[in-house]
Structures are given as C-alpha cells and as structure tokens.
Amino acid sequence: MNEFKPLPYGYNTLEPFIDEQTMKIHHDKHHQAYFDKFTAAISGTELENKDVKEILSDLSQLPEDIKMAVINNGGGFYHHSFFWEIMKKDVPFSGEVAEAINAKFGSFEKFKEDFSKAALTVFGSGWAWLVLNDGELEIIQTKNQDCPLSISKKPLLAIDVWEHAYYLKYQNKRAEYVENFFNIINWEKVNELFLEAKG
Ligand code: MN3
C-alpha cells in the first residue's frame, strides 16, 4: 500500500535552484532509506497495510518497540514524498490559498518573511511548514522527522532544512537555499492541498 515512487520529474528539473546531484542523493538514497526502514519496522505488524499518513496521524496506537522507528522513518518517507510534490518551477502565487495567505499574513512578502524565518531558525535538522490548523493557516517548525499530522495539523507546504537537502550546493548558506526555494514552490499543488484540507 505504501509505495516508494520515482521522483515525479527529472533530477535536474529544479536546476539551478536545487542541483541534480542533491536531488539524486536526496531521493535515491535518503528517501529510499527512510522507506526501507519504515517498511521493515511495520512489517509483520497490524500496521503493515495501513497508509503512512494514517499511521502518523495517531501515534498513540503504535507499539512501543517500533514507535521511534515509525516516527523517524515513516515521517521521513511521507515528508519527502510530500516535498517532491510541492516543488515546481514557474508556478505563480495564485488560487484560493494565495488569498488566504494574504488575508492571514497581510501580504505575500510578510508570509515569505515569516516562513523564511521559521526555516532559518530550525536548530539542527528539521522542517518548516505551512499547515492548516483547525481551519487556520499557521507556520510551524518540526524537529527531525516529526510530522505535523501527529499534532493534528494538515501540511500544505514544507521546506526540508536538513543539511542533506542543500549542503552540496549551498554549504552553510541556508539563507540562500531558503531564498531560492521561493522560485520553486508549486502553488497549484499547495492550493489543491489547501482546498482538500479545509474540506
Ligand atoms: Mn531530506
């Protein structure tokens, strides 16, 4: 049921903002490893045929002996599948989600500032997110591969700020990576997720 899919575009499609080698290692090595470890952890348990999103949405059901493996590797598996989908070049900021962002944050520029700040201030490894929380847009950070679904928040947009996501091209310059990320947000997909999440 849970499936490790090929990257939905070429490894070099997001150049020059994210380089081919980073995409190749990120998808083929890191993402694959999360998937393999996640499926190994749930193999032979009653979770085996459950969707990863469903599993991450209720951590209380997890047996203690596989709990951390599922949080870390199930999270890593789901987050990267999500991350590939919300990136695409040349998609304008538009749709209902754009209106909602303008209404919530005041302007696109203010949203960009707040989201960037969240991405830059994750200490160590983690993610910054735009989520829908009880119908309200919210910017949050998560550590490691902790998932917004586990705290009942619906992911709309994410940036991976683990060093493996940018170090080959940007080295320690996370700010430059974050700035460039705004060139590759797939607002069509984010809008689709927004409409789905608000129901
Ligand atoms: Mn990553």
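**Exercise 1. Which strands does helix 8 (residues 187-198) lie across, and at about how many degrees does helix 8 run to strand 3?**

*Solution.* Before we start, note that this is a predicted model, where local features need pLDDT of at least 70, side-chain atom pairs count only at pLDDT 80 or more, and totals for chains, interfaces and linings use all residues. Residues are numbered from 1 along each chain as its sequence is written, and side-chain values use heavy atoms, with hydrogens and water left out.

Step 1. Find the elements: helices (H or I, at least four residues) and strands (E, at least two) are DSSP runs, numbered from the N terminus.

Step 2. Helix 8 lies across strand 1, strand 2 and strand 3.

Step 3. Its angle to strand 3 is about 150 degrees; axes are lines fitted to C-alpha atoms, for helices over the stretch in contact, with angles from 0 to 180 degrees between N-to-C directions.

**Exercise 2. Work out the order of the sheet and find its edges.**

*Solution.* Step 1. Strands pair if DSSP finds at least two bridges between them. Strand 1 (residues 126-133) and strand 3 run antiparallel and are joined by 6 bridges. Among the bridge partners, Ala128 goes with Ile159 and Leu130 with Leu157.

Step 2. The 3 strands form an open sheet in the order 2-1-3, with antiparallel pairing.

Step 3. Strand 2 (136-143) and strand 3 each have a single partner strand, so they stand at the edges with one side lacking a neighbour in the sheet.

Step 4. Even so, strand 3 (residues 154-160) is largely enclosed by the rest of the structure, because 6 of its 7 residues are buried (under 20% relative accessible area, 1.4 Å probe, protein chains only).

**Exercise 3. Trace how helix 3 (residues 64-85) meets the sheet and the manganese ion.**

*Solution.* Step 1. Helix 3 packs on the sheet, touching strand 1 and strand 3, and its direction makes about 85 degrees with that of strand 3.

Step 2. Phe82 lies in helix 3 and, at 7% relative accessibility, counts as buried. Beyond neighbours within four places in sequence, its contacts (heavy atoms within 4.5 Å) include Trp129, Leu156 and Leu193.

Step 3. Now look at the metal: His26 (NE2), His80 (NE2), Asp160 (OD) and His164 (NE2) coordinate the manganese ion at 2.0 to 2.1 Å. Donors are N, O and S atoms within 2.8 Å of the metal (3.2 Å for Na, K and Ca); water is not among the atoms, so sites may look incomplete.

Step 4. His80 lies in helix 3 and His164 in the loop between strand 3 and helix 6 (167-170), so this pair ties together parts 84 residues apart in sequence.

Terms used:
Buried means under 20% relative accessible area, exposed over 50%, partly exposed in between (1.4 Å probe, protein chains only).
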